[in-house]
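Please open the model in your viewer and keep the sequence panel beside it, since this tour moves from one selection to the next.

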Amino acid sequence: MAAPPNFEEGQSTYRPPRFNGQLFVPTKNLGDPAVAIPKTRKEFNNVDRKAIEKNFRAKKILVCGIGPDEYNRISAFQSTKEIWEALHTAHEGTTQVKQSKIDMHTTEYELFRMKDNEFIQDMHTRFTSTINGLHSLGETIPETNLLGKSLVYCPVPGKAK
């Protein structure tokens, strides 16, 4: 079964669709220069109706995939785009908030050191958490840098730090 254009293939074994945030709103061009404005319901053609149906499917997936607290946050919104943007802002924040989070995780990565009396496994968990935080915000660090960083900051027993 092929996924609709505004869905990507998911990552689970069963590969459910994953919404990518791209939505279709039927528009028409008016004026000179042409300005795109939303069509009225009477102006929809079959292609527009199918796209609207995909929007409702996307909305259903978003609403069914969240908890009660999240639902209260988005229940007043009508379009999937509004829901998506509200959830996106709530979890990733604005561009400034996202950049602040990236800066915080980058600083944490650059200053990463093993703590006194910290087990290797605990250090690795902290390191992985920092890297995953960067990755979830769209920042990637080359794997060679990651390996080097984790080896450099893992002290040899009996040597000074």
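Two residues are in contact when heavy atoms of theirs lie within 4.5 Å. With that in mind, select the whole protein chain of this predicted model: among its contacts with a separation of 6 or more, 39% join residues that are 24 or more positions apart.

Next, show the chain as a cartoon and follow it from the N terminus, where the order of elements reads β-β-β-β-α-α-α-α-α-α, which gives four strands and six helices in total. If you then switch on the surface, you are looking at about 12,200 Å² of exposed area, of which carbon and sulfur atoms supply 56%. Of the 161 residues in the chain, 23% are buried.

Before going further, colour the chain by pLDDT. The average over the protein chain is 76, and 75% of the residues score at least 70. Which element has the lowest confidence, and which the highest? Strand 1, at residues 7-9, has the lowest mean, 51, whereas helix 5 has the highest, at 87.

Now select I102, Y109, F112, M114, M123, F127, I131, L134 and L137, the nine residues that form the largest nonpolar core. Helix 4 (95-110) and helix 5 (120-136) are the elements that each give two or more residues to this core, and helix 5 provides the largest share, with four residues. Centre the view on L137, a member of this core, and look beyond its neighbours within four places in sequence: there L137 is in contact with K98, K101, I102 and H105. Apart from this core lies another one, made of five residues, including L62, I74, I83 and A86.

Stay with helix 5 for a moment and pick out T130, which lies in that helix. Is T130 buried or exposed? T130 has a relative accessible area of 2%, and because a residue under 20% counts as buried, T130 is buried. Once its neighbours within four places in sequence are set aside, the residues in contact with T130 are H105, E108 and Y109.

For the last stop, select helix 1 (residues 46-64) together with helix 3 (residues 80-92), whose axes come within 9 Å and cross at roughly 35 degrees. The crossing of helix 1 past helix 3 is left-handed. To see where the two helices meet, show the side chains of N55, A58, K59, L62 and V63 in helix 1, and then those of T80, I83 and W84 in helix 3. Two of the residues on show here, L62 and I83, also belong to the five-residue core visited earlier.

Note on methods: Residues are numbered from 1 along each chain as its sequence is written. This is a predicted model: local features need pLDDT of at least 70, side-chain atom pairs count only at pLDDT 80 or more; totals for chains, interfaces and linings use all residues. Side-chain values use heavy atoms; hydrogens and water are left out. Buried means under 20% relative accessible area, exposed over 50%, partly exposed in between (1.4 Å probe, protein chains only). Accessible areas come from the Shrake-Rupley method with a 1.4 Å probe; for residues, only the protein chains shown count as cover. A nonpolar core is a set of buried Ala, Val, Leu, Ile, Met, Phe, Trp, Tyr and Cys residues joined through side-chain atoms within 4.5 Å. pLDDT is the predictor's confidence in each residue, from 0 to 100. Axes are lines fitted to C-alpha atoms, for helices over the stretch in contact, and angles run from 0 to 180 degrees between N-to-C directions. A crossing is left-handed if the near helix is turned anticlockwise from the far one by less than a right angle, and right-handed if clockwise.
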